[in-house]
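Trainee: I'm new to this one and would like a close look at a single part of it. Could you pick up the loop I'm pointing at and then walk me outward from there?

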Amino acid sequence: MKAQDKHVVAVSYRLEVEGKIADSASAEAPLEYIQGTGMLIPGFEAAVSGKEPGESFEVTLQPEEGYGVYNPQYCFPIPKSSFEVDGKLREDLLHIGAIIPMLNSNGQVIQGTIAEIAEDSVTMDFNHPMAGKVLHFTGEVVSVRQATMKELSEGLHGEYLPHECHCKHGEGEGCCHGDGHCEGHGEGHCEGHGDGHCENHGEGKGCCCGKN
């Protein structure tokens with residue numbers, strides 16, 4: 001069976017960026033997605049389209065075909081008070097390079113990276129970590145099957161269903177609000193599996209996922 005629209009495709013892959021492996025998924029724990037639903041980068045899906053299990057693929061995508069060019073306008077300061085919980089600043093969250101999920105004005109979860117810390121503000125970079133990067137994918141199709149009606153309507157991982165950002169009050173997890181306020185625990189992780197949700201693999205960040 002060939003990889004085609006409305007089919008669940010499982011692939012192993014490696015993503016190379018600037019000569020280093022940025023993300024990967026093994027054949028034992030492959031990335032699964034529904035072909036043709038826009039959950040992955042179009043160029044990635046195009047490289048897989050028509051392949052059968054056991055066939056390999058390879059594609060190099062320029063920034064415009066991947067996560068876009070780097071836009072400095074996506075960097076802006078947020079008051080440090082936005083990172084307070086019960087009047088106490090969550091300094092454990094505030095370090096350069098930390099990735100903190102937040103909600104934008106549309107209620108969507110977006111990843112922000114701390115780029116600079118000043119006395120009264122924190123500069124967040126909301127560019128995708130792979131913005132401006134050339135992406136080189138190599139991989140192999142592991143399996144292909146037809147998606148069920150439930151998967152087509154709800155998504156392979158329930159990503160088409162409405163979800164509210166909610167806190168898991170366990171270790172290392174929390175919730176971030178639209179005004180930038182982080183009601184976090186540990187790393188302030190926010191679970192909001194809306195558009196653009198993708199299972200992460202290896203050390204990367206699900207880098208074949210869509211831009212959202």
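Mentor: Let's start at E18, which sits in the loop between β1 and β2 (20–25). Keep in mind as we go that this is a predicted model. E18 is out in the open: its relative accessibility is 64%, so E18 counts as exposed. Its backbone is worth a look too, with a positive phi of about 55 degrees even though E18 is not a glycine. As background, most residues other than glycine have a negative phi.

Now, what does the side chain of E18 meet? The side chain of K133 makes a polar contact with it, at 3.0 Å. K133 belongs to another loop, the one between β10 (121–125) and β11. With a relative accessible area of 23%, K133 is partly exposed, whereas E18 counts as exposed. Leaving aside residues up to four places away in sequence, K133 touches V17, E18, L61, Q62 and P63. Take Q62 from that list: K133 and Q62 are 71 residues apart in sequence, yet their C-alpha atoms are 7.1 Å apart in space. That fits a chain-wide figure: among contacts between residues at least 6 apart in sequence, 65% join residues at least 24 apart.

From the loop, step back into the strand before it. β1 (7–17) is one of the elements that give two or more residues to the largest nonpolar core, along with β3 (31–34), α1 (42–48), β4 (56–61) and β11 (135–146). The share from β1 is five residues, the largest of any. The core has 23 residues, and the ones touching the most other members are V9, V11, Y13, F44, V48, L135 and F137. As a rule, in soluble globular proteins, nonpolar side chains tend to be buried together. There is also a second, separate core of 11 residues, which includes I78, I100, M124 and F126.

Y13 and some of its fellow aromatics deserve a closer look: Y13, Y33, F44, F57 and F137 form one aromatic cluster. The structure holds six aromatic pairs. One of them is Y33 with F44, an edge-to-face pair at 6.5 Å centre to centre and 70 degrees between the planes. Y33 is in strand β3 and F44 in helix α1, so this pair ties together parts that are 11 residues apart in sequence. Y33 is buried, with a relative accessible area of 3%, and F44 counts as buried at 0% relative accessibility.

F44 also pairs with F137, again edge-to-face, at 4.9 Å centre to centre and 80 degrees between the planes. Here the link is between distant parts of the chain, since F44 is in helix α1 and F137 in strand β11, 93 residues apart. F137 is buried as well, with a relative accessible area of 0%.

Let's go back to loops, because E18 has a useful companion: D86 also has a positive phi, near 55 degrees, in a residue other than glycine. D86 is found in the loop between β6 (84–85) and β7 (88–89). At 82% relative accessibility, D86 counts as exposed.

On the other side of β7 comes R90, in the loop between β7 and β8 (99–103). Is R90 buried or exposed? Its relative accessibility is 13%, so R90 counts as buried, the cut-off for that being under 20%. The side chain of R90 makes a polar contact with the side chain of D92, at 2.5 Å. R90 and K80 are 10 residues apart along the chain, and their C-alpha atoms are separated by 9.2 Å.

To put all that in its setting, the chain has two helices and 13 strands. Of its 212 residues, 40% count as buried. Its accessible surface comes to about 11500 Å², of which 48% belongs to carbon and sulfur atoms.

Finally, a word on how far to trust the picture. The mean pLDDT of the chain is 81, and 76% of the residues reach 70 or more. Over residues 165–207, though, pLDDT stays under 50, and the model has 118 contacts beyond four places in sequence for that stretch. Where pLDDT is low, the predicted coordinates should not be read in detail.

Key
Residues numbered from 1 in each chain as written. Heavy atoms only, no water. pLDDT = per-residue confidence, 0-100. Contact = heavy atoms within 4.5 Å. Helix = DSSP H or I, 4+ residues; strand = E, 2+ residues; numbered from the N terminus. Buried < 20%, exposed > 50% of the residue type's maximum accessible area, 1.4 Å probe, protein only. Areas by Shrake-Rupley, 256 points an atom, 1.4 Å probe, with all protein chains shown as cover. Core = buried A, V, L, I, M, F, W, Y, C linked by side-chain atoms within 4.5 Å. Phe/Tyr/Trp six-rings, centres within 6.5 Å; stacked < 30°, edge-to-face > 60°. Polar contact = N/O pair within 3.5 Å; in protein donor to acceptor, adjacent residues only side chain to side chain.
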